[in-house]
Each structure stands twice: as C-alpha cells, then as structure tokens.
Amino acid sequence: MNTRLARSAATHDEAPAIVVSNLGRRFANTWALKGVTFQVERGEFFGIVGPDGSGKTTLIQSLCAILDPSEGRVRVHGHDTVNAAQRITSTIGYMSQVYSLYGDLTVEENLQFFARVRRVADDDFLRRKQRLLGFSGLAPFLARKTKHLSGGMQKKLALCCSLIHEPALLVLDEPTLGVDPLSRRELWHMLQEYRARHMTVVLATSYMDEAARCDRVAFLDAGAVLACDRPASFGSDLEAAFKAMKRTLPISFGLPFPSKAGTGAAIEVERLSKSFGSFKAVDEISFRVQRGEIFGLLGPNGSGKSTTIKILCGIQSATAGDTKVAGVDVASRADDAKRRIGYMSQRFSLYLDLTVRENIEFFASVYGLDRNSVATRKQWIVAMAGLAGHERMLTRDLSGALRQRLALGCAILHQPDVLFLDEPTAGVDPSSRQAFWDLINQIAGSGTTVFVTTHYLKEAEACHRVAFINRGKIIALDTPLAIRQRCGSDSLEDAFLQLMGGAG
C-alpha cells in the first residue's frame, strides 16, 4: 500500500501542471467551450488570449475547479477537477478579474486573513509577508484600508494575497485590467519574480505585449482553441496574428453623425481643484479643448482623471475653479450642461437587468427624445454596435465589446456637443478596440469634442493632444508626438513611465 502511494505521488510530481482533454462547458443551450485540448508543463508561463465572449474566463474557472466540465476533463497536478476540487482550490493561487479583497480591512489585515484561510504558519507568514511587501512596494501602506488604495495598488495586494501560501500554480484572469502602465510593469515584475522560482503561471490577458512574454499562447475564439504555440511562431507582431484569427463582428456606423458647426473651445477649465477632506484629488489644473478635438487625459490610478471628468459632467461639484462645457458654466447650470454632453463611465453606465432595447429606450427618455427620433436612432445604434438580433437579450449576457458599443450608442443618442469617455476600452480585445476608435474618429470628424481617459497608451496616440496628470496636477500637455520628442521616447508609454518617475 505504501509502495502504491509513493508511486502515485511520484506520478503526480512528474505529471504536467495542467492537462485539458476535450473540455466542453455548456450554459443552458449555449456552449461556452467545446473540444478544448491542451496541456501546461510545470514551470511554464502559459497565456490565454481571445476576443470578448470567447470563453477565457470560463476556461480559467474550469482550470481552477470552480466550474465542472459538461464534457471532457481537466487534471491539475494529476488531480481531476471534479473528484478533487477541494484539494485543487486549496493549493493553487487564483486571481479573478473582480478580486476578493476586503475594502474595510487594511493591507496588513487582508494579508493576515488570506494567510489564515490558507493555514499558513505564523513563522512562514512573517517571512513571506516581508518578501511580498518588498517586491510589491506596499510596505509603507500596511495600515491603510484597502478601499483607499489606488487600483494599481489593489491589484498588487490581490496578487500578494494569492501568493501568500506559495502555490505551485498561479492562475490569473486579466490581472492588469484597468491599471496604468507603471502599475502594470510593477505587477509583471512580481510575476516574473514568482516564475523565477520555477512556479507555473497561467494568464488570460487582452494585452498582446503581455501574451508575447509567455512561453506559449493559446488563441481562443468561440469556445475553441484555434492555435497554441510559442509567441515567436506567430510572427513578429502577435496583435496582427490575433486580428487575423478573430471572428469579425458586423460593425457599421449606419447613420452619419450630424455635423457640429462652430469653432473655439468646447471645454474650458481654469484653476480647477477638488478636495476630499485633507486629500486633494485635483490641484488647480487649467486647460482648454477645442471643438472636434480628441483630447486624452492620462495618468496613473488615483491621479485625478475620473474626478476631473465627473466635475466636467456635473456629477461632482468642484472645490474651487471655473469650468465651462459647450459654452455652459457647469457649476451654475449643471442641468443645461448635461443636456449637451454624453458620458460613458468605466462601467459603461448600462443597466444589466434591462435588455438592449430597454437600455436604449431608457436613455432616450432621459434625454427627452421624441418618438420618431428614438425609432431612427435605435436602428442606428443596433447597426453601429453589431447588435442586430440581440435587441431582446439582457445586457448582462452581452460580451464586453458589445456592451461597450451599446454604452457608446446610449451616450450619443442625443447627439451631444461633447462626449466624455472614462476608460472606454478597458478589457476589450485589440480588434474591438480598433473598431471602437474607428467610431470615435468618425464622431470627432463631425465636430463633436471627445474627451477620453485610458491606460492603454498605444490608443492615446490617436488623440490630437494629451495631458499627463499625476497627484492631481497636470505635468505635461501637448500632442503625442511633441511629448514623445520631449522625452526622447519611441512610444507614449515610455514617455508616461519617464514622466511618472518610473523609467529604468
């Protein structure tokens, strides 16, 4: 008996980290995954890429024994995910898109909580905590409540909590979603340090530059693996390979966006400040944006970008300063200003329990559109977003890319003079991101001003001008080319790292 147990243990040690055999997963009558087969070797850094709705999260959760297969099987370190689910979930590290930190606990308390859940001994906890704090840079913030951390710092803490029990396998679902380039680089340093200890990492990502750092990459589309190989085998540009493999959604602008006549400033900001208690989120910033201009506001998590947009949209009041949007003073005539602007928030501002059609009709009523206008523009949005046939579908069941385009359509239903977009492409795949920007360029070409924030610096190159903001202050404002030249950088992301003090 002991001999058999020893032989079994040896077999598990020698087995690949993950073996996926003909995996299928069905939700009601829809197959999210079908016929998926691959394996991940121990110590390998394995990437999963695919368009929105391709099945990436379903696959990740199947690997983590959170979802059972409808057909086929998954083995992790030699253990079946159905028969040994508890053993697998208790030993691996898993970081979901919506990570399970406790906002009212401090950094220290979150680390202690996850260590206790994972039954980490006190001596091991102290040693591991110091190491994790060292390479995450979180040591100065041990006493800070998690809800008061920036998005990038929360991601790093979530990763630390996933590593506190030193798992042999780490599974990450879009770990850098919604974080700025500096925080993204710091997260990758953490992952590389972990991987250097011969641990296995499986990563789902929307960033092709991240996929290129993996040992192998699986391309997933419509629930099937289209290709699985080393990044170099797909050629010098992984993003081009992705676009070539991806299904193309029908996208048409349908109805030309009406021309907005006039010249001059569409947005005027003078010495704008916003304080929350003793914290100054926005610190005496001034700038102007012209009609028809695409203007980018760029900065790290917590720099003041979203606060600035909310003030310009009349959602929050300023502590000091003057703001005009479309010629209207926002502080004294917020309701008038809101009728002239469109706003798409980071979470797309949609109602997930309403259907596509109901969301459109709701926003049409908010903007006071007449029945004839609603009918025409509803057809326009459906065509523009590739939503034909999905009008009765609940918004929560749409892919991220379709929700994104629906949110854009709802934000421009009333044909605003100024369109505000707060992180509009977070988490969408390269093809969907390009299609979205094609629409933005058409809207701006009509004379509508577009004010956008983004952490994806490659797309910020499409802006006419960009402003870099850090700790509530604007530290650079110019065309992307001029800023790159000033910093001696080949890319806007390199310039960002330099301006934010993160070069090197």
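Which residues do ring pairs link into a cluster? Select Phe287, Phe295, Phe420 and Phe451, and you have the answer on screen. Keep in mind as you go that this is a predicted model.

**Stop 1: the aromatic rings**

The count of aromatic pairs comes to 15. Start with Phe38 and Phe46: the ring centres are 5.2 Å apart and the planes lie at 10 degrees, so this pair is stacked. Colour the two residues by accessibility and you will find Phe38 buried, with a relative accessible area of 8%, and Phe46 buried too, at 0%.

Next, select Phe45 and Trp188. Here is another stacked aromatic pair, with 5.3 Å from centre to centre and 15 degrees between the planes. Follow the backbone away from each ring: Phe45 belongs to strand E3 (residues 45–49) and Trp188 to helix H7 (residues 181–195), so the contact ties together parts that are 143 residues apart in sequence. Are these two residues buried or exposed? Both Phe45 and Trp188 are buried.

**Stop 2: charges over rings**

Now show Lys34 together with Trp31. The charged end of Lys34 sits over the Trp31 ring, 3.8 Å from the centre of that ring. Then move to Lys274, which lies over the face of Phe276 at 5.2 Å from the ring centre.

**Stop 3: salt bridges**

Side chains of opposite charge can pair when their charged atoms come close. The structure holds 27 salt bridges, and three of them make good stops.

- Select Arg288 and Glu268, whose side chains meet in a salt bridge at 3.3 Å, N to O. The pair links distant parts of the chain, with Arg288 in strand E12 (residues 279–290) and Glu268 in strand E11 (residues 265–276), 20 residues apart. Arg288 counts as partly exposed at 44% relative accessibility, and Glu268 counts as partly exposed at 21%.
- Stay on strand E12 and pick Asp283, which is linked to Lys473 in strand E20 (residues 473–478), 190 residues apart. The side chains of Lys473 and Asp283 meet in a salt bridge of 3.2 Å, N to O. Lys473 is partly exposed at 41% relative accessibility, whereas Asp283 is buried at 15%.
- Go on to Glu293 and Arg465, a salt bridge in which the closest N and O atoms are 2.5 Å apart. Glu293 is in the loop between E12 and strand E13 (294–298), while Arg465 is in strand E19 (residues 465–470), so the pair ties together parts that are 172 residues apart in sequence. Glu293 counts as buried, at 8% relative accessibility, and Arg465 is partly exposed, at 21%.

For a network, select Asp124, Arg127, Arg128, Arg131, Glu166, Glu193 and Arg197 together: salt bridges link these residues.

**Stop 4: a patch on the surface**

Switch on the surface and select Tyr102, Phe113 and Val117. These residues make a nonpolar surface patch of about 270 Å². Phe113 sits in helix H4 (residues 107–117) and is partly exposed, with a relative accessible area of 31%.

**Stop 5: two helices**

How many of the 8 residues of helix H10 (residues 305–312) are buried? The number is 6, and the helix is mostly covered. To see them, select Lys305, Thr307, Thr308, Ile309, Ile311 and Leu312. Step beyond the end of H10 to Gly314, which follows the helix and has a positive phi, near 75 degrees.

For the other helix, go to H15 (residues 430–445) and find Asn441. This residue is partly exposed, with a relative accessible area of 38%. Draw a distance from the C-alpha of Asn441 to the C-alpha of Ala462: the two are 8.6 Å apart in space and 21 residues apart in sequence.

**Last stop: the cysteines**

How many disulfides does a search of the whole structure find? The search finds 0. Select Cys64 to check: the nearest cysteine sulfur belongs to Cys214 and is 16 Å away. Do the same with Cys487, where the nearest cysteine sulfur is that of Cys463, 16 Å away. Cys64 counts as buried at 1% relative accessibility, and Cys487 is buried at 10%.

Methods: Residues are numbered from 1 along each chain as its sequence is written. This is a predicted model: local features need pLDDT of at least 70, side-chain atom pairs count only at pLDDT 80 or more; totals for chains, interfaces and linings use all residues. Side-chain values use heavy atoms; hydrogens and water are left out. A disulfide is a pair of cysteine sulfur atoms within 2.5 Å. Buried means under 20% relative accessible area, exposed over 50%, partly exposed in between (1.4 Å probe, protein chains only). Rings of Phe, Tyr and Trp (its six-membered ring) pair if their centres lie within 6.5 Å; planes under 30 degrees apart count as stacked, over 60 as edge-to-face and the rest as tilted. Helices (H or I, at least four residues) and strands (E, at least two) are DSSP runs, numbered from the N terminus. A charge sits over a ring if NZ of Lys or CZ of Arg is within 6 Å of the ring centre and within 35 degrees of the ring normal. Patches are made of residues with over 30% relative accessible area and no salt bridge: like charges are joined within 9 Å, nonpolar side chains (Val, Leu, Ile, Met, Phe, Trp, Tyr) within 5 Å. Accessible areas come from the Shrake-Rupley method with a 1.4 Å probe; for residues, only the protein chains shown count as cover. A salt bridge is a side-chain nitrogen of Lys or Arg within 4 Å of a carboxyl oxygen of Asp or Glu.
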